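Me: I'm new to reading protein structures and would love a close look at one part of this one. Could you start with the cysteines and then follow one of them into its surroundings?

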Amino acid sequence: MTVDTAVPSNGTDVVRLRNVILADAVLAFAAGCFTVAMSLTVVRIGWLLAIGLFVVLTSLVIASAILPLRRNRVFESVMIFAVANWVVAIAAAAVATFAWPLQMVSCLLPSLVAASFVAADRLWWFVVPSFFVSAAVVAAGVLQDFTGLTDEVPEWLQTGILLVAAPGFGAVMVFVALQHHFNLTHALEEERILRADLAVQTDELRRSRQRVVAATDRERRRIERDLHDGAQSRLVGINLQLARVRTELRTDVDAADDGLAAVRQEVHRAHAELRDLAHGLYPSVLTQHGLAAAIEAAADRSPTPVRLDIGAVGRLPADREAAVYFCLLEALHNADKYAQASTVEIRLRRTGDGDAAVVVFEVVDDGVGFDVVAARLDGGQGLTNLADRLGAVTGTLEIESSGGAGTTVRGTVPVG
C-alpha cells in the first residue's frame with residue numbers, strides 16, 4: 001500500500017485535521033441524539049428514531065477517521081470522513097426531506113476539508129463526488145417523500161431541528177475555513193523562509209564566485225612567478241653554461257667536461273622544480289592511484305611529522321577526490337606554516353551506503369591554535385579557500401580551535 005501524498009507535513013497540520021474530524025463527529029452525534037430524544041419523548045415516530053440512531057452510528061464512523069492519522073495516512077482519513085458525511089446526507093435527505101438544506105451543506109464539507117489537507121492532484125476524489133451527492137440530496141429532499149416523515153413531524157419540530165443543527169454546521173464550516181487559512185499562512189511563511197534562504201545562498205554563491213576568480217588570478221601570478229624565478233631562470237643559466245662549454249671544447253676539454261657535469265646538475269634541478277610545480281597543480285598520483293596514495297605522498301613531503309589513519313575509501317569522482325585532497329593539503333600547509341605543531345594526524349574514512357555515503361576527513365595538530373571566529377571576521381583566506389572547495393561539491397567544513405589547544409579541521413563530502 002502506498003503512503004498518502006498530502007499537504008500536511010508536520011504535526012500541527014495533522015492536529016488541525018483531527019480537530020475538524022472531531023468537531024464534525026461531535027456535531028453529528030449531538031444531532032443524532034437530539035433526534036432520538038425527540039422521537040422518544042415528543043413525537044413517537046419510527047422513521048425519526050431510525051434516522052436519529054443512524055446519525056449517531058455515523059458519528060462514530062466519522063470519529064474513526066482519526067485512526068489513520070496515527071500513521072500519517074491523511075488521504076485515507078479524509079476519505080473515511082467524506083464517505084461518512086455523504087452517506088448520512090443522502091440517508092437523512094431521503095428519510096427526512098425537510099432536512100435537505102443541512103444535508104447539502106454536509107455533503108459539501110468534505111471538499112472544503114480536502115482542499116486544506118489533501119494534495120491538489122487528488123482533490124478530484126472529493127470534489128466530483130461532493131457535487132453529485134449534493135445534487136442527489138437536493139433531488140431526494142425536493143422531489144420525493146416516500147416515508148411520509150415530513151408530514152408526520154410537526155412543523156415546529158422540523159423548524160427546531162433545523163435551528164438546532166444549522167448553527168453547528170455553520171460553525172464547522174467556519175472552523176474548516178480557518179484551518180484552510182492557517183494552512184495557507186503556514187505555506188506562505190515556509191515560502192518566505194525558503195526565499196530568504198535562497199537569497200542568502202545566491203549571495204554566498206556570488207561572493208564565492210568572486211573569490212574563485214580572485215584565487216585563480218593569484219594562482220596564475222604565483223605560477224608565473226615560480227616559472228620566472230625558478231625553472232625559467234635556471235634554463236637561461238643552463239643556456240649560458242652550454243655556450244661557455246662550447247667555447248671551452250676548442251681550448252680546454254677537461255674544463256668543458258666539468259662544465260657539462262654542472263649543466264647536467266642544473267638540468268636535474270630544473271626538472272625537480274618543474275615536477276614540484278606540476279605536483280602542486282594536480283598530482284599525477286591522485287589521478288593514477290587515488291586519494292589514499294596522494295595523501296600518503298603529501299605526508300611524506302611534510303616537514304612536520306604526520307600520522308595517518310586512512311580507511312578504505314575507494315575511488316571517488318574526480319572533483320570530489322580533488323576537493324578532499326586539496327583541502328587536506330591546505331590544512332596540512334597551515335599546520336606546517338602557522339601552527340608550530342610537533343605532530344599532525346590525518347584521518348580519512350568512508351561512512352554510509354548508497355546515496356547516503358560520505359567521505360569524512362580530519363586534520364588534527366597539537367599547535368598553538370587560533371581564534372576561529374576572529375579569523376573568519378578578518379577574512380582569513382585559507383579558511384575561505386577550504387569552505388569554497390568543499391562547497392563546490394556540496395560538502396561541509398568544521399574548524400575547532402582555541403589558543404594553545406591545537407586545531408581540528410573536519411570536512412565531509414558526499415560520494416555520489
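Reply: Happy to! Let's begin with cysteine 33, which is partly exposed, because its relative accessibility is 31% and that category covers values between the cut-offs of 20% and 50%. Please keep in mind that we are looking at a predicted model. Cysteine 327 makes a useful contrast: this residue is buried, with 1% relative accessible area. Cysteine 107 is buried as well, and its relative accessible area is 0%. You might wonder how many disulfides a search of the whole structure finds. The result is zero.

Now let's follow cysteine 107 into its surroundings. Cysteine 107 sits in helix α4, a helix that spans residues 100-117. What does cysteine 107 touch, once residues up to four places away in sequence are left out? The list is Trp86, Ala89, Ser130, Val133, Ser134 and Val137. Another way to see how the chain folds back here is to look at alanine 82: its C-alpha lies 7.7 Å from that of cysteine 107, although 25 residues separate the two in sequence.

Staying in helix α4, we come to serine 111. Is serine 111 buried or exposed? With 15% relative accessibility, serine 111 counts as buried, because the category takes in values under 20%. Beyond its neighbours within four places in sequence, serine 111 is in contact with Phe126, Val127 and Ser130. Ser130 is a name to remember, as it is also among the residues that cysteine 107 touches. There is a polar detail to look for too: a polar atom in the side chain of serine 111 is 3.3 Å from the backbone oxygen of phenylalanine 126.

Phenylalanine 126 leads us to the aromatic rings. The count for the structure comes to five aromatic pairs. In one of them, phenylalanine 75 and phenylalanine 126 meet edge-to-face, with 5.6 Å from centre to centre and 70 degrees between their planes. Phenylalanine 75 belongs to helix α3 and phenylalanine 126 to helix α5 (residues 124-143), so this pair ties together parts that lie 51 residues apart in sequence. Phenylalanine 75 is buried at 10% relative accessible area, and phenylalanine 126 is buried at 0%. A further pair is formed by tryptophan 124 and tryptophan 125: it counts as tilted because the planes stand at 40 degrees, with the ring centres 5.0 Å apart. Tryptophan 125 is partly exposed, with 39% relative accessible area. Put together, ring pairs join Phe75, Trp124, Trp125 and Phe126 into a cluster.

Just before helix α3 there is a loop worth a glance. It runs between α2 (46-64) and α3 (74-95), and asparagine 72 lies in it. The phi angle of asparagine 72 is near 60 degrees, which is a positive value in a residue other than glycine. Asparagine 72 counts as partly exposed, at 39% relative accessibility.

How do these helices relate to the database record? The unreviewed UniProt entry places "transmembrane region" features at residues 20-40, 47-67, 79-102, 123-144 and 156-178. Let's check two of these stretches in the model. Residues 20-40 are 100% helix and 0% strand, and the end C-alpha atoms are 30 Å apart. For residues 47-67 the figures are 86% helix and 0% strand, with 32 Å between the end C-alpha atoms.

For comparison, here is a short look at some strands. β2 and β3 pair antiparallel over eight bridges, and glutamate 345 stands opposite valine 364 in β3. The two strands make a hairpin with six residues between them, and glycine 352 in that turn has a positive phi of about 80 degrees. On the way into β2, glutamine 340 lies in the loop that follows α11 (318-337). Glutamine 340 is exposed, at 66% relative accessible area, and has a positive phi of about 55 degrees without being a glycine. β3 also pairs with strand β5 (residues 407-414), again antiparallel and with eight bridges; there, phenylalanine 361 stands opposite glycine 411. Why can strand β3 (residues 358-365) be called largely enclosed by the rest of the structure? Because seven of its eight residues are buried.

Notes
Residues are numbered from 1 along each chain as its sequence is written. Side-chain values use heavy atoms; hydrogens and water are left out. A disulfide is a pair of cysteine sulfur atoms within 2.5 Å. Buried means under 20% relative accessible area, exposed over 50%, partly exposed in between (1.4 Å probe, protein chains only). UniProt positions are given in the numbering used here, feature names are shortened, and annotations may be inferred rather than shown by experiment. Helices (H or I, at least four residues) and strands (E, at least two) are DSSP runs, numbered from the N terminus. A polar contact is a pair of N or O atoms within 3.5 Å; within protein, one must be able to donate a hydrogen and the other to accept it, and residues adjacent in sequence count only if both atoms are side-chain atoms. Contact means heavy atoms within 4.5 Å. Two strands pair if DSSP finds at least two bridges between them. Rings of Phe, Tyr and Trp (its six-membered ring) pair if their centres lie within 6.5 Å; planes under 30 degrees apart count as stacked, over 60 as edge-to-face and the rest as tilted.
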